[in-house]
Amino acid sequence: GCSVVHIGLSSAISSSYQNACTAAAEFENVYVVDSRNLSTGIALLVLDAAERAEKGEDPKEIAALMRETAKKVEASFVIDTLFYLQKGGRCSTLAANLLKLKPCIEVKDGKMGVGKKYRGKIDNCIAQYVRERLQGRDDLRRNRIFITHSGCAPEIVENVKAIIKECGGFDEVLETYAGCTVSSHCGPNTLGVLFVRK
């Protein structure tokens with residue numbers, strides 16, 4: 001007697017969305033949403049949908065709203081070292097060893113790509129990245145932001161929280177640990193801030 005709103009990994013990253021659509025076709029009360037995202041980019045949608053469900057909103061309408069909200073999620077993270085991407089065959093040995101870059105990985109249109117490349121100590125790079133993502137923006141929903149990381153030092157995370165406050169703050173700042181996929185491909189000291197635009 002219950003309805004299901006299924007919010008899965010981006011269809012550009014995984015076949016789980018297509019599989020969920022195939023399964024949902026057998027039911028009239030299962031609504032599948034392509035998150036167009038990963039990690040806590042999905043969690044932003046899940047929490048929004050859950051709050052709406054608690055208010056008694058219609059599941060079909062929740063799913064439709066989440067499809068629209070998915071287009072407004074900003075998910076990105078900075079990587080401390082290219083070593084793990086190189087070991088996984090996702091960048092060249094030359095880039096990993098010589099350039100010593102700290103790239104920002106961004107999720108756009110459901111796919112991951114490289115954005116700005118930072119240089120220097122990871123704590124300084126992360127601070128610069130967070131300011132660039134949040135400073136001077138009036139197009140953000142200020143209800144919730146995630147800090148997701150793969151085991152950064154507590155002082156780095158606390159500094160990120162202070163920068164978030166300095167840049168206008170959010171009603172809720174949630175700290176989460178990256179899952180095994182992100183952590184194994186990106187390595188320690190990876191950190192991202194994830195939020196939703198208006």
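**View 1. Leucine 134 sits buried, with a relative accessible area of 0%.** This is a predicted model, and we start inside helix 6, where leucine 134 lies. Which residues does leucine 134 touch, leaving aside those up to four places away in sequence? The list is Leu140, Arg142, Ile145, Ile164, Cys167, Phe170 and Phe195. Look for isoleucine 163 too: its C-alpha atom is 8.9 Å from that of leucine 134, although the two are 29 residues apart along the chain.

**View 2. Helix 6 lies across five strands.** Zoom out from leucine 134 to the helix that holds it, residues 122-134. Helix 6 lies across strand 3, strand 4, strand 5, strand 6 and strand 8. Its direction runs at about 10° to strand 8.

**View 3. Six strands make an open sheet.** Reading across the sheet, the strand order is 5-4-3-8-6-7, and the pairing is mixed. Which strands are at the edges? They are strand 5 (111-118) and strand 7 (172-177), and each of them pairs on one side only. Neighbouring strands in this sheet are turned by 20° against each other on average, ignoring direction.

**View 4. Helix 2 packs on the sheet.** Here you can follow residues 40-54 as helix 2 touches strand 3, strand 6 (144-149), strand 7 and strand 8 (191-196). The direction of helix 2 makes about 145° with that of strand 6. Helix 2 has 15 residues and reaches 21 Å from its first C-alpha to its last, close to the 21 Å expected at 1.5 Å a residue.

Now for the side chains. Thr40, Gly41, Ile42, Leu44, Leu45, Asp48 and Ala49 of helix 2 are buried. An α-helix has 3.6 residues a turn, so residues three or four places apart point the same way. What covers the buried residues of helix 2? The cover includes strand 1 (4-8), helix 3 (59-70), strand 3, strand 6, strand 7 and strand 8.

**View 5. Strand 3 is mostly covered, with six of its six residues buried.** In a regular strand the side chains alternate between the two faces of the sheet. For strand 3, both faces are covered. Val73, Ala75 and Phe77 are buried on one side, and Glu74, Ser76 and Val78 are buried on the other.

Its partners are worth a look as well. Strand 3 (residues 73-78) pairs with strand 4 (residues 102-108) in the antiparallel sense, over four bridges. Within that pair, alanine 75 stands opposite valine 107. Strand 8 also runs antiparallel to strand 3, and four bridges join them. There, glutamate 74 stands opposite phenylalanine 195, and Phe195 is also among the residues that leucine 134 touches.

**View 6. Loops and turns hold some positive phi values.** Serine 39 has a phi near 55°, a positive value in a residue other than glycine. Find serine 39 in the loop between strand 2 (30-34) and helix 2. Is serine 39 buried or partly exposed? Serine 39 counts as partly exposed, because its relative accessibility is 35%. On the far side of helix 2 comes glycine 56, which follows the helix and has a positive phi near 85°. Asparagine 189 is not a glycine either, yet its phi is positive at about 70°. Asparagine 189 lies in the loop between helix 8 (180-186) and strand 8.

**View 7. The cysteines form zero disulfides.** A disulfide is a covalent bond between the sulfur atoms of two cysteines. Why does cysteine 104 have no such bond? The closest cysteine sulfur, in cysteine 125, is 11 Å from the sulfur of cysteine 104, so the pair is too far apart for a bond. Cysteine 104 is buried, with a relative accessible area of 0%, whereas cysteine 2 counts as exposed at 63% relative accessibility.

**View 8. The whole protein has eight helices and eight strands.** Pull back for context: the C-alpha trace spans about 55 × 40 × 25 Å along its principal axes. The radius of gyration is 18 Å, which agrees with the value near 16 Å for a compact globule of 198 residues. Of those 198 residues, 43% count as buried. Among contacts with a separation of 6 or more, residues 24 or more positions apart account for 75%.

Key: Residues are numbered from 1 along each chain as its sequence is written. This is a predicted model: local features need pLDDT of at least 70, side-chain atom pairs count only at pLDDT 80 or more; totals for chains, interfaces and linings use all residues. Side-chain values use heavy atoms; hydrogens and water are left out. Two strands pair if DSSP finds at least two bridges between them. Helices (H or I, at least four residues) and strands (E, at least two) are DSSP runs, numbered from the N terminus. Axes are lines fitted to C-alpha atoms, for helices over the stretch in contact, and angles run from 0 to 180 degrees between N-to-C directions. Contact means heavy atoms within 4.5 Å. Buried means under 20% relative accessible area, exposed over 50%, partly exposed in between (1.4 Å probe, protein chains only). The expected span of a helix is 1.5 Å times one less than its number of residues. A disulfide is a pair of cysteine sulfur atoms within 2.5 Å. The radius of gyration is taken over C-alpha atoms; the globule rule is 2.2 Å times the number of residues to the power 0.38.
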